[in-house]
Amino acid sequence: MTSIDVQNLTKEYGTRRAVDDLTFRVLPGRVTGFLGPNGAGKSTTMRLVLGLDRPTSGSATLGGRPYATLPDPLRRVGALLDAQAAHGSRTGRDHLRVLAASNRIPDRRVDEALEETGLAPAARRRVRTYSLGMRQRLGIAAALLGDPEVVMLDEPSNGLDPEGVVWIRTLLRRLADEGRTVLVSSHLMHETSSFADHLVVLGRGRLLADTPMREFVRARVRPAARVRTSDPAALRSALARHGHDVVEHPDGHWTVPDARVDDIGRLASAAGAPILELTADEGTLEQAYLDLTAAETEFTAHPQEA
Ligand SMILES: Nc1ncnc2c1ncn2[C@@H]1O[C@H](COP(=O)(O)OP(=O)(O)OP(=O)(O)O)[C@@H](O)[C@H]1O
């Protein structure tokens, strides 16, 4: 199967280093989320992998070969970089047929890709009449047209309605389960946590993390217990006696840092404090991501000095 290999990749635009000595591998059979603040270098890296730009130094290869040397590249690699790329005066179906014809892709794939992306009912409408979400689906249909082993999508959820967001999640999982190599950039942390198995995180063109998603969160967010009681005084004093700090929230629930739900349950029961809610709070991808990238954001808003 085909992996994406990025090796000491550097790209400079004038004096600006958009990608800085980047090395990572994207492996088949899983969805890799590609994260980083605005301007971190995600799109540039994708363009370099697709041969749309030349690296200043280093290399980006697919199954060991540069994109430009791949025979029938659309049948190896499908990519969505810019959903506006389709010609507005063509119908969605014609757009895909032109792509198929120029890449030796059988015509039947056009209708299959339209079905797969839910665009079949709009296939004979001109692209200029498409909504942003429909253009996004057309871009994804184009990426899937060649039944490629490698799929790279830049912000695929852009403009999709809630049903579309669920659809893309299911699609990405299926593509990975079929053994394909799937790299997906996103700014939506909740979204990414719903489909990614693995993460590659950039900051100012450099690699900040290349790790399984669960480990990424576990390493950065302290686990806690979330609890709500109808007898705050009894529970507060029981927790304090056992050395637990409590963070109280306006809606009445408390967070107990570094606590296990079993321990809190036993303590509450012994203290006779009725429990209304008790769950493990394992931390979100968003918390972990913000913790990692806080120092790396190119456009961090700095508080104004008085
Ligand atoms: N063609 C170009 N000419 C000059 N500078 C560029 C060019 N393309 C990208 N850059 C710069 O390279 C840096 C990385 O940009 P890039 O678009 O790769 O980041 P990104 O992580 O995809 O950001 P976003 O999340 O905003 O899409 C930015 O500082 C950007 O201004």
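Okay, let me start in the middle of the fold: strand β5, residues 77-80, pairs with β6 in the parallel sense, over four bridges. If you want one position to click on, take Gly78, whose bridge partner in β6 is Val151. Before I go on, keep in mind that this is a predicted model.

So, staying with β6. On its other pairing, β6, residues 150-154, runs parallel to β7, and five bridges join the two. You can follow the register by eye: Val150 has Thr181 as its bridge partner in β7, and Met152 has Leu183. Between these two strands comes helix α5, residues 162-177, and β6, α5 and β7 together make a right-handed β-α-β unit.

How many residues of β6 are buried? Five of the five, so the strand is largely enclosed by the rest of the structure. In a regular strand the side chains alternate between the two faces of the sheet. For β6, that puts Val150, Met152 and Asp154 on one side and Val151 and Leu153 on the other, and both faces are covered. Yes, Asp154 is on that buried list too.

Now β7, residues 181-185. Again five of the five residues are buried, so β7 is also largely enclosed by the rest of the structure. One side carries Thr181, Leu183 and Ser185, the other Val182 and Val184, and all of these are buried.

Which strand pairs with β7 besides β6? That would be β3, which pairs with β7 in the parallel sense over five bridges. Look at Gly33 here: its bridge partner in β7 is Val184.

Let me stop on β3 for a moment, at one residue I'd like you to zoom in on, Val31. The strand covers residues 30-35, and Val31 lies in it. Is Val31 buried or exposed? It has 26 C-beta neighbours inside 10 Å, and the cut-off for buried is 20 or more, so Val31 counts as buried.

Who is around it? Leaving out residues up to four places away in sequence, Val31 touches Leu172, Arg173, Ala176, Val182, Val184, Phe195, Ala196 and Asp197. Two of those names, Val182 and Val184, we just met on one side of β7. There is also a long jump in sequence here: Val31 and His198 are 167 residues apart along the chain, yet their C-alpha atoms are 6.4 Å apart.

That sort of jump fits the chain-wide picture. Of the contacts with a separation of 6 or more, 73% are between residues 24 or more positions apart. And 39% of the 306 residues in the chain are buried.

Next, the ligand. Its shell is made of Tyr13, Arg16, Ala18, Gly36, Asn38, Gly39, Ala40, Gly41, Lys42, Ser43 and Thr44. Which elements supply at least two residues each? They are β2, residues 16-26, and α1, residues 42-49. The largest share, three residues, comes from α1. Sorted by class, the shell has six polar, three nonpolar and two charged residues.

Okay, zooming out. The chain has ten helices and 13 strands, and its C-alpha trace spans about 75 × 45 × 45 Å along the principal axes. It is divided into domain 1, residues 4-211, and domain 2, residues 222-281. How far apart are the C-alpha centres of the two domains? They lie 45 Å apart.

Last stop, a second sheet. Here four strands form an open sheet with antiparallel pairing, in the order β11-β12-β10-β13. At the edges stand β11, residues 247-248, and β13, residues 275-281; each has a single partner strand, so one side of each is left without a neighbour in the sheet. The partner of β13 is β10, residues 224-229: the two run antiparallel and are joined by six bridges. To find that pairing on screen, go to Thr229, which stands opposite Ile275 in β13.

If you take one thing away, take the pair of strands I opened up in the middle: β6 with both faces covered, and β7 with both faces covered as well. Okay, that's me done.

Note on methods: Residues numbered from 1 in each chain as written. Predicted model: local features only at pLDDT ≥ 70, side-chain atom pairs only at ≥ 80, totals over all residues. Buried ≥ 20, exposed ≤ 12 C-beta atoms within 10 Å, placed from the backbone. Contact = placed C-beta atoms within 7 Å. Near = placed C-beta within 6 Å. Nonpolar A, V, L, I, M, F, W, Y, C, P; charged D, E, K, R; others polar. Domains from an automatic or database assignment. Pairing = 2+ DSSP bridges. Right-handed = clockwise from strand over helix to strand, strands pointing away.
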